[in-house]
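Hi there,

Here is the structure I said I would pass on. Have a look at it, and then read my notes below.

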Amino acid sequence: MTRTTRSARLSRLVRRPSGRSVGIVLGGGLVAACVSTAAFAAIPNGSTAVISACYANGATKTLQVIDAQAGGKCPAGTTALSWNGKGVSFKGAYNAATAYQVNDAVTKSGSTYIALLANTGVAVTNTTNWAVLAHKGATGPVGATGAKGATGSQGPAGPTSAGKFVDFDIFLTQVPDAWQTVGSTTYAVPAGANVVGRYAAESFCAGASWCSVRLLVDGVEMAGGSGSGASFDDADPASTWEAHSIDRYAAGLSAGTHTFTVEAQIVSGSTSSLFRLDDDTLVLQTIG
């Protein structure tokens, strides 16, 4: 094709600047365009940033950019096209306090949305103001189990739960209203240990209001009772030997060896009163 023929062909495809359009020939390796200063100012539209064009799918493929805002229309036999000349502006995660403009894109719950209208505080599910740009994908299948990791280092050992059992001898007292020692023992515990003590015995109480028992650690009565000691046995003259027990505890003891003592008392008795304990045992248990 000669230079003169090419020029004549282009003159038929490209409208003059007064028409505010740009003609492009697609195919055959030839692309030509002619625009004026006025055409560049209006295409794409400054207010909408939308580019409008007309596509002809004939023997010669042509694409003609027009100024739709100024009233430009596509000629018969062509297809009208438009696209955003500004592009999408990604704004990150949706924030109800942010003022969004047209074509702002946000993410919400794994999906991406694009603003169709300027808005503030309008939920992305509002289809008047927003459109889905990309849906959140479905959860994929569970992957294969990975290789077993190396064994970690072993942590420090916790306190050892230990216990002690003591079998006392027969105890007998006729002294009223005074604590008497039934027996005592030592017991080693770790720092901060809680110790539970259980005393059990066969008991005979006579000539008094009742007979009491208490447990002490280092001379201090262990917790678990109201007042001093526990009413271990009544002085019912119709009864003789009975089996009884009490449970007491000491919390947060310091590390080391502590002395645990069992004491008994005749309450509101006389010299003719009697308090006897037999087959009596003390069990101490560390818990934590």
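What follows is a walk through the things I found. Keep in mind that this is a predicted model.

**Strands that pair up**

A good place to start is strand β14, which covers residues 193–206. Strand β14 pairs with strand β18 (residues 242–253) in the antiparallel sense, over 10 bridges. To find your way along that pairing, look for A193, which stands opposite L253 in β18.

Strand β14 also pairs with strand β20, which runs over residues 274–286. That pairing is antiparallel too, and it counts 11 bridges. Here the landmark is C205, which stands opposite F275 in β20.

One bit of background for looking at strands: in a regular strand the side chains alternate between the two faces of the sheet.

**Salt bridges**

How many salt bridges does the structure hold? There are two. As a reminder, side chains of opposite charge can pair when their charged atoms come close.

One of them joins the side chains of R198 and D247, at 2.6 Å from N to O. R198 sits in strand β14 and D247 in strand β18, so this salt bridge ties together parts that are 49 residues apart in sequence. You have already met those two strands as an antiparallel pair. Are the two partners buried, exposed or in between? R198 has a relative accessible area of 43%, so it counts as partly exposed. D247 has 34% and is partly exposed as well.

The other salt bridge is between R214 and E263, with the closest N and O atoms 2.7 Å apart. This pair also links distant parts of the chain: R214 is in strand β15 (residues 210–217) and E263 is in strand β19 (residues 256–267), 49 residues apart. Buried means under 20% relative accessible area. R214 is at 16%, so it counts as buried, and E263 is buried too, with 13%.

**A buried histidine in β19**

While you are in strand β19, find H258, which lies there. H258 is buried, with a relative accessible area of 7%. Which residue should you look at together with H258? Try T186: the two are 72 residues apart in sequence, yet their C-alpha atoms are 5.5 Å apart in space.

**A negative patch on the surface**

Next, turn the model until you see D167, D169, E202 and D279, which gather in a patch of negative charge on the surface. D167 belongs to strand β11, residues 163–167. Exposed means over 50% relative accessible area, and D167 is at 55%, so it counts as exposed. D279, another member of the patch, lies in strand β20 and is partly exposed, with a relative accessible area of 49%.

**Positive phi angles**

D279 has a second point to note: its phi is near 50°, a positive value in a residue other than glycine. N103 is also worth a look, with a positive phi of about 75° although it is not a glycine. Where does N103 sit? You will find N103 in the loop between β6 (99–100) and β7 (104–108). At 17% relative accessibility, N103 counts as buried, whereas D279 is partly exposed.

Have fun turning it around on your screen, and write back with any questions.

Cheers

Note on methods. Residues are numbered from 1 along each chain as its sequence is written. This is a predicted model: local features need pLDDT of at least 70, side-chain atom pairs count only at pLDDT 80 or more; totals for chains, interfaces and linings use all residues. Side-chain values use heavy atoms; hydrogens and water are left out. Patches are made of residues with over 30% relative accessible area and no salt bridge: like charges are joined within 9 Å, nonpolar side chains (Val, Leu, Ile, Met, Phe, Trp, Tyr) within 5 Å. Accessible areas come from the Shrake-Rupley method with a 1.4 Å probe; for residues, only the protein chains shown count as cover. A salt bridge is a side-chain nitrogen of Lys or Arg within 4 Å of a carboxyl oxygen of Asp or Glu. Lys and Arg count as positive and Asp and Glu as negative; His and the chain ends are not counted. The place of a charge is taken as NZ of Lys, CZ of Arg, CG of Asp or CD of Glu. Helices (H or I, at least four residues) and strands (E, at least two) are DSSP runs, numbered from the N terminus. Buried means under 20% relative accessible area, exposed over 50%, partly exposed in between (1.4 Å probe, protein chains only). Two strands pair if DSSP finds at least two bridges between them.
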